[in-house]
Amino acid sequence: MNFTILPFLLSLALSQRLYKFSKNNQLNQWVKPLNYARYFTGFLLVVEIILSASNTIRWFWHLFLIGLLLFANQQKEMRPLRMFLLAFAPYAAVALLSDLAEIILNDFYVQWNNYFKNAGLLSIIWLLAILFSQHRQYKAAEKERIKRQQEDEINRAIAARKVELEGLVEERTAELKNQKEELEHALHELKATQNQLIQSEKMASLGELTAGIAHEIQNPLNFVNNFSEINSELIDELKEELEKGDKESVAEIANDIKGNEQKIMQHGKRAESIVKGMLLHSRGKSGEKELTDINALCDEYLRLSYHGFRAKDKSFNASFELETEENLPKIKVVPQEIGRVLLNLINNAFYAVNEKQKSGISDYKPRVVVHTEQKNNKIEIKVQDNGNGIPRSLKDKIFQPFFTTKSTGQGTGLGLSISYDIIANGHNGDIRVESKEKQGTGFTIILPLEI
Amino acid sequence: MNILVVDDEKDIQPLFMQRFRREIKNGEINFKFAYSGEEALGAMQNYLHEAVLILSDINMPGMSGLELLERIKQKNHTPPPHVMMITAYGDKENFEKAMELGADDFLTKPVDFKSLKEKIKAFGI
């Protein structure tokens, strides 16, 4: 039995290994035959057991085993199995030789029987040793292969992720670039709009002024015309009196003419200064700092603002007063800019009292006071109204650009923010606001004597 | 005839005094001047029977000409004096408001003194 089971096991192991190898390495043409070879070992075993003819069958085993070894050895693709084949070769050779010797040289075989047996044993030990080492190597290689496969898989995943990420980054970059361009465009537009708004705010306050200015110019012009007409009449009378020789009347009329002449000049100058003020106001930032009489500036803009309001709103009425400190020193400012701030604050004050009056409070006397005063090394200009005041919740917002409580189209919301900019940044000063709800608001411009 | 002239322009006084110098010399017209609505009301209390004609600028700081007109026409005086309104803004709204409040006439600046004199003569009879 010993001899019968061993060839079977070895043949089965070899054919099984070859079959597996072919299958794993896609040696398709050998898969089927080697599968049959596997079955064939089983078939041989069955035949051997049934016929109990191990003496005959063992030759089949030899041929089969050697055939398989030779076949595998010839296949280039099966090179990796060399060591495996080498493990079987000694056994196959020894088994064949020993059986051949037993038949052909029986005496020799009997005499050397021990040697044959030892050789058989050695070949089996060899086989087992090689298979064992092969198995270990295979295990190690398999481990290595699995590890490499895992690494490959990880690397592949990383590569795929990388490609995906690169795509994403590219996409995001394009998006960001688009956004950046859009933002730049928007910024550019905003800047242009801002400039336009600042310009239109300037023009709007100028527009509010024009009616006031027209009124302010009309009055002195009327005086100029009237006194000039009177003088012309008086000169005729003067001639008459000269002819009569009434020296006293002549002197009297001459005095009147002179007095009128002074009135003409005075009102002419008044008109001139209004026009100048208007030109200053409309002129841009080119204005330079010059010694300016703040009281005169307040007077001018208070009147302009008042008449502007009167011209715009026929029902508007308010009393206004200028309380000046008489010996207020002149200071170096850009007059048209400070004028703009004054106009703004005074316009707001008139607007506030007008709104309160419209709400129909009985006995309400709208009143705006502009007050100038020197305090230490500073000049304070206070514009006080007795309107409805600024609600506490809005107090922090009034200097923000575009903040307005007026309805659309009525205010740009830039007046106070531009004013603050002019005073704080342009003149190193400050604007403060005090307001009591229902009682009124006071804006104080603080300008240092030395700017 | 006593005429109260109300205007916030102070030079209205020398102007009227010279424009009407003949009438003043002849004693036909006697002028008083007030520079605000409040002042005009005060003047009218002091010179009630003398105030016959008021030339009032509608646009004045404080009490407006229209307010003054209203007070004169509806509250203070019997018989109420003639009130002639003079304004730089000769718009319809002002005109209608003045007429509604009982103004006797409505002139726009610059004043045409010839026609003003004629109107005053027409009142004065």
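Trainee: Which residue is the bridge partner of A:Leu322 in strand 4 of chain A?

Mentor: This is a predicted model. In it, A:Leu322 has A:Val370 of strand 4 of chain A as its bridge partner. That pair belongs to a wider pattern: strand 2 (residues 319-323) and strand 4 (residues 367-375) of chain A run parallel and are joined by five bridges.

Trainee: How many bridges join strand 4 of chain A to strand 5 of chain A, and do the two run parallel or antiparallel?

Mentor: Eight bridges join them, and strand 5 (residues 378-385) runs antiparallel to strand 4. Among the partners, A:Lys375 is matched with A:Lys378 in strand 5. The two strands form a hairpin with two residues between them. In the turn, A:Asn376 has a positive phi of about 55 degrees.

Trainee: I should next like to read a helix. Which residues of helix 3 of chain B are buried?

Mentor: Begin with the general idea. An α-helix has 3.6 residues a turn, so residues three or four places apart point the same way. In helix 3 (residues 37-46) of chain B, the buried residues are B:Gly37, B:Ala40 and B:Met44. Viewed down the helix axis, these buried residues fall within an arc of 55 degrees, so they line one face of the helix. On the other side, B:Gly42, B:Gln45 and B:Asn46 are exposed.

Trainee: Which residues have the most contacts inside the largest nonpolar core?

Mentor: They are A:Cys298, A:Tyr301, A:Leu342, A:Ile346, A:Ala349 and A:Phe350, in a core of 43 residues. Elements giving two or more residues to this core include helix 8 (294-312), strand 4 and strand 5 of chain A. Helix 9 of chain A supplies the largest share, 11 residues. Leaving aside residues up to four places away in sequence, A:Tyr301 touches A:Gly339, A:Leu342, A:Leu343 and A:Ile346. A second, separate core has 29 residues, including B:Val5, B:Phe16, B:Met60 and B:Leu66.

Trainee: How should I read the place where the chains meet, and how many residues of chain B are in contact with chain A?

Mentor: The size of an interface is often given as the accessible area lost when the parts come together. Here we may count residues instead: 17 residues of chain B are in contact with 18 residues of chain A. On the chain B side, helix 1 (12-19) and helix 5 (92-100) are the elements that give two or more residues. Helix 1 of chain B gives the most, with four residues. By type, the chain B side divides into six nonpolar, five polar and six charged residues.

Definitions and conventions. Residues numbered from 1 in each chain as written. Chains lettered and ligands numbered in written order. Predicted model: local features only at pLDDT ≥ 70, side-chain atom pairs only at ≥ 80, totals over all residues. Contact = placed C-beta atoms within 7 Å. Nonpolar A, V, L, I, M, F, W, Y, C, P; charged D, E, K, R; others polar. Pairing = 2+ DSSP bridges. Buried ≥ 20, exposed ≤ 12 C-beta atoms within 10 Å, placed from the backbone. Arc of directions from axis to C-beta. Core = buried A, V, L, I, M, F, W, Y, C linked by C-beta atoms within 7 Å.
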